[in-house]
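Q: Please take a close look at one part of this model, starting from a single residue, and then place it among other parts of the chain.
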Amino acid sequence: MSEEPLFEDIKKELIAQKREKKEIDEIEKAFLFAKRLHDGQYRISEEPYIIHPVEVAKILVGLKVDSHTLMAAFLHDILEDTDTRPEEIEELFGKDVLTLVQGVTKLSKLQFKSNEERQAENFRRLFIAMANDIRIVFLKLADRLHNMRTLNFMAANKQQKIARETLDIFAPLANRLGIGRIKAELEDLSLRYLEPDKYFEIAQLVAQTKSEREATVKLLIDKISQDVKKSGINAQITGRAKHYYSIYSKMKRLNIAFHDLYDITAVRVIVDSEKECYEVLGLIHSQFKPIPGRFKDYIAMPKGNMYQSLHTSVIGPRSKPLEVQIRTWEMHEIAEYGVAAHWRYKEKGSQKANNPSDIQFSWMRKLVEYNKEVTSAEDFVDSVKIDLFSDQVFAFTPNGDVFDLPVNATPVDFAYRIHSEVGNKTVGALVNGRIAQLDTKLKNGDIVEILTSKTPAPRLDWLNFVVTKQAASKIKQWFKKNNREEHIEVGRANLEHELTKAVFDEYLKSGELEKTAKQMNYVSTDDLFAALGYGETTVNKIVNKLKKPDNAKSHEFHGGSRKKSEKDIIGLEGLLYSIAKCCSPIPGEPIVGVVTRAKGVTVHRIDCQTLEHIEPERLMDIKWSGDNTNKTYNTTIRVETAEKMGLLKDIIAAVSDNNTNITYANVKSKNGKIGIIELGMELDNVDTLKKVILSIQAIPDVYSVKRIQTSYPTQNAPRKNNGKQKKLPKKN
């Protein structure tokens, strides 16, 4: 045995795994090297620093990783925390070990503008490194798991930050790799620091109900054991409580109390062959009544992380519902170790686990694709979190090819997964042989056939329901390359509306817009407008870059000291939109969105007469966000008055008294007796408009005040529709 007590447990386990002596000696050499270099260094817990790499190595020994990964576990903090040069590590332990150490080394020496940007870049590098060598993520997960185990020594704010990061990135990563034992512990430890009250409440309830559950489970196990023995099946049957985070998630998702959960404990049956799994299932269902809708066959349809088992829920002894999992020994090892187990099998066959021909690891190749498609680290990490870490749905082509997609994926997401050209030419879809809407949410096992046209013509409104970043990115790319003139027009109009025409013109004239375009890496103002038009940038980003011109002080300006809201309409997140000029809706009025072919969504008042000729499928349910206090919207009113000198001055004064800007005024006479005054105004909401109208109506010799709707009825006027009422989305 080793004379080093810290290495003793690891050495015992390596011997039990029948590792060669030469291999064990190399691993111990890395341990002794790290111990010497970390001598005199201590963790926050006041333990010698070497304890951390030793514990990381213990976790990895449990995953039965190769010797180079174990050597890298001991050395993973050497480059950052000591003066050791990379060349020395390569010379002593080889290039492969150095690559692993560099892959997992923290990025503290790099300079970033913010902690968020630094962490996003950290994750991007981790994911890309993982796509090249899966062992790097084994190291990173083990490193994070030991840090979580010792998180109690950190300050409370750091505990929360690290726990949140673990729950958002590392636990889903362990799940995606199928390493069930690490995923469960990371989730439980995260819950302990993020929701301590819930964590300890669940722990206490699980402990209190333990004896009752164990008695029920024992009766079930005894009965199953008798039946499998009679059938000549060799099976190991155990029961254990689910981990705390799993219980917490289910309580939260179903909004139920602990005592209403019936599958706190799962019974696990492990047999020798796949055939015996189904035989045991039949035996259990013949003795205990299965609960409808609770059977899942993950053997015929494995999860994306390679997990395989039969799951069924039955009414067990004492009329208590229980979940039963049935799997083979090989399936059990993959359920516990995931990719680590799979990687070992591949290693024996001299084939890398992430070989492109291996369908189980096709999702890793997506990491490299995402990295090419997005510019910022933050966007890359968002893409990975949405597309790779969400629950999955498996859908098939009519030929039987399977594609894994995030939950709530649609036929459009499916089309873009096949190929971007298929997505761009999509005009319809058949799901299980029936025509389905393109925003239909796909379910596991759906057979999807995409109907295409000869020419590409994606729709901008698809961005409202696609869930994969790949589909959204391809749609935006197509619009970026096509319809440039229309994008310039839309972008210019949106920015002009945001700034007001006077301020916009001043920016254009002074060259400030051109300067801002170049700051944002666009060649010209037209390129900037086009980027805004097809959604590559936002009004908010442009306004924040603009410097307020000196002679724009008298105008409303939303990029200066006044707070700017990114989105003022709920339901249009991520979509381009413009305010309809025909009815000029303003905040406080019911509104509806109309999807256009190439100009995004147009926002109309819900009583706008133009809606009578719009197909129902083009209408979107939207509403004002309520955060529009710093924006103004244009509208026009018509005032009918007696022909009297000075009346226009009184009306303008009434408008100004309500802090409302007049952008346009026109006066004409009707029959020489009635004066007609049209006023264009900038308003923040409908309440201000009502105050303006009431103020004008209070002026003597004013006959009427009406809102103009560009030759259409005013808001309060009844609409005719040939006796038919147009069905519009319900408003909140």
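Is Lys18 buried or exposed, and what is its relative accessible area?

A: Lys18 is exposed, because its relative accessible area is 75%, where buried means under 20%, exposed over 50% and partly exposed in between, with a 1.4 Å probe and protein chains only. The model is predicted, so that local features need pLDDT of at least 70 and side-chain atom pairs count only at pLDDT 80 or more, while totals for chains, interfaces and linings use all residues. Residues are numbered from 1 along each chain as its sequence is written, and side-chain values use heavy atoms, with hydrogens and water left out.

Lys18 belongs to the loop that joins α1 (5–16) to α2 (21–37); helices (H or I, at least four residues) and strands (E, at least two) are DSSP runs numbered from the N terminus. Its phi is near 60°, a positive value in a residue other than glycine. Lys64 likewise has a phi near 60°, positive although the residue is not glycine, and Lys64 sits in the loop between α3 (51–62) and α4 (67–75). With a relative accessibility of 32%, Lys64 counts as partly exposed.

Another loop residue, Asp439, is found between β10 and β11, and at 39% relative accessibility Asp439 counts as partly exposed. Leaving aside neighbours within four places in sequence, Asp439 is in contact (heavy atoms within 4.5 Å) with Thr410 and Phe465. The C-alpha atoms of Asp439 and Ala409 are separated by 8.5 Å, with these positions 30 residues apart along the chain counted as their spacing.

The strands on either side of that loop belong to an open sheet of 3 strands, ordered β10-β9-β11 with antiparallel pairing, two strands being paired if DSSP finds at least two bridges between them. Its edge strands, each pairing on one side only, are β10 (434–436) and β11 (448–452), and the twist from one strand to the next averages 35°. Strand β9 (residues 426–431) pairs with β11 in the antiparallel sense over 5 bridges, and Ala429 stands opposite Ile450 in β11. Helix α20 (residues 411–418) packs on this sheet, where it touches β9 and β11, and its direction makes about 80° with that of β11; axes are lines fitted to C-alpha atoms, for helices over the stretch in contact, and angles run from 0 to 180 degrees between N-to-C directions.

Helix α26 (residues 525–533) offers a view of the interior: 8 of its 9 residues are buried, so the helix is largely enclosed by the rest of the structure. Among these buried residues are Asp527, Leu528, Phe529 and Leu532, and what covers the buried residues of α26 includes α23 (484–499), α24 (501–510), α25 (512–519) and α27 (539–545).

Finally, there are 2 cavities of 30 Å³ or more, a cavity being a set of points on a 1 Å grid over the protein atoms alone where a 1.4 Å probe fits but cannot get out, and its lining residues having an atom within 4 Å of a point. The second largest cavity holds about 30 Å³ of space, and Ile224, Asp227, Val228, Val280, Leu283, Ile284, Gln287 and Phe288 line this second largest cavity. Two or more of these residues come from each of α13 (210–230) and α15 (274–287), and α15 gives the most, with 4 residues. The lining divides into 6 nonpolar residues, 1 polar and 1 charged.

Technical notes: On a 1 Å grid over the protein atoms alone, a cavity is a set of points where a 1.4 Å probe fits but cannot get out, and a pocket is an open set with protein on both sides within 12 Å along at least five of seven lines; lining residues have an atom within 4 Å of a point. Grid points are joined across faces, edges and corners, and a volume is the space filled by probe spheres set on the points. Ala, Val, Leu, Ile, Met, Phe, Trp, Tyr, Cys and Pro count as nonpolar, Asp, Glu, Lys and Arg as charged, and the others, Gly among them, as polar.
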